Amino acid sequence: MLYSEAKQGRTFIIRLEDGEIVHTALETFATEKGINAASLVILGGADRHSKLVVGPMESRSQPVIAMEHELYDAHEVTGTGTIFPDDTGTPVLHMHMACGREENTVTGCIRQGVKVWQVMEVILFELTDTTASRQPDRNTGFKLLQP
């Protein structure tokens, strides 16, 4: 386990609007507001054709090949995530969402593009006094959080 401490800074209440792409909108917001690190919770609706990464094709294969799932219609969503700067200093959102419609639910990472259906509500808790960042990892090919 690796860890570090941070302090809580500002809290933002955000409404994403119909058609916005979640990760793009939130990363742009973070950049505009000078937010390097944050914790987020989100709920609302995801539109059809939104895409989630729902796991690797094989658990321990290299390179990692992502499985993608496309939503077939509007879904109710709830999610949680973090923002930390990458190795270039750019704030990067890592968020997972559970998306449900009727009795079906799919959960995955939103980095392939989740589009807002009507509205999503976000509470963003800024984290300050931290040097945590996402750094390239040779073994996985991912940019992993380095607390």
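In the predicted model described here, D86 is buried, with a relative accessible area of 11%. The side chain of D86 meets that of K143 in a salt bridge, with N and O 3.4 Å apart, and K143, at 39% relative accessibility, counts as partly exposed. This pair links distant parts of the chain, since K143 belongs to strand 10 (residues 143–146) and D86 to the loop between strand 5 and strand 6, 57 residues apart. Through salt bridges that share partners, D86, D87 and K143 are joined into one network.

The structure as a whole holds seven salt bridges, and two further examples also connect distant parts of the chain. K7 and D129 form a salt bridge through their side chains, at 3.5 Å from N to O; K7 lies in strand 1, whereas D129 lies in the loop between strand 8 and strand 9 (133–136), and the two residues are 122 residues apart. K7 counts as exposed at 51% relative accessibility, and D129 is likewise exposed, with a relative accessible area of 57%. In the other example, the closest N and O atoms of K51 and E68 are 4.0 Å apart. Here K51 is contributed by strand 3 and E68 by strand 4 (residues 66–70), with their positions 17 residues apart in the chain. Both residues count as partly exposed, K51 at 28% relative accessibility and E68 at 44%.

A contrasting case is provided by D47, located in the loop between strand 2 (38–46) and strand 3 (51–56). D47 is buried yet has no salt bridge, the nearest side chain of opposite charge being that of K115, 4.3 Å away; because a salt bridge requires the nitrogen and the carboxyl oxygen to be within 4 Å, the pair of D47 and K115, at 4.3 Å, is not counted as one. When residues up to four places away in sequence are set aside, D47 touches L71, D73, A74, K115, V116 and W117.

S50 is found in the loop between strand 2 and strand 3 as well, and is buried, with a relative accessible area of 1%. With residues up to four places away in sequence again left out, the contacts of S50 are with H69, E70, L71, G113, V114 and K115. L71 and K115 thus appear among the contacts of D47 and also among those of S50. The position of S50 relative to D87, a member of the network described above, was also computed: the two residues are 37 residues apart in sequence, and their C-alpha atoms are 28 Å apart in space.

In soluble globular proteins, nonpolar side chains tend to be buried together. In the present model, the largest nonpolar core has 28 residues, among which L16, V22, L40, M97, M120 and L124 have the most contacts inside the core. Two or more residues of this core are given by each of strand 1 (7–17), helix 1 (22–33), strand 2, strand 5 (75–85), strand 6 (91–101) and strand 8 (116–128), and the largest share, five residues, comes from helix 1. V22, one of the residues with the most contacts inside the core, is in contact with L16, I42, M95, M97, I110, V114, V116 and M120, leaving aside its neighbours within four places in sequence. V114 is also touched by S50, and V116 by D47.

Strand 1 and helix 1 are further connected by aromatic side chains, F12 lying in the strand and F29 in the helix, so that the pair ties together parts that are 17 residues apart in sequence. This is the one aromatic pair counted in the structure; the ring centres are 5.2 Å apart and the planes stand at 85 degrees, so the arrangement is edge-to-face. Both F12 and F29 are buried.

Finally, a search of the whole structure finds zero disulfides. C99 is in no disulfide, and the nearest cysteine sulfur, that of C109, is 11 Å away, a separation that is too far for a bond. Both cysteines are nevertheless buried, C99 with a relative accessible area of 0% and C109 with one of 5%.

Terms used
Residues are numbered from 1 along each chain as its sequence is written. This is a predicted model: local features need pLDDT of at least 70, side-chain atom pairs count only at pLDDT 80 or more; totals for chains, interfaces and linings use all residues. Side-chain values use heavy atoms; hydrogens and water are left out. Helices (H or I, at least four residues) and strands (E, at least two) are DSSP runs, numbered from the N terminus. Buried means under 20% relative accessible area, exposed over 50%, partly exposed in between (1.4 Å probe, protein chains only). Lys and Arg count as positive and Asp and Glu as negative; His and the chain ends are not counted. Contact means heavy atoms within 4.5 Å. A nonpolar core is a set of buried Ala, Val, Leu, Ile, Met, Phe, Trp, Tyr and Cys residues joined through side-chain atoms within 4.5 Å. A disulfide is a pair of cysteine sulfur atoms within 2.5 Å. Rings of Phe, Tyr and Trp (its six-membered ring) pair if their centres lie within 6.5 Å; planes under 30 degrees apart count as stacked, over 60 as edge-to-face and the rest as tilted.
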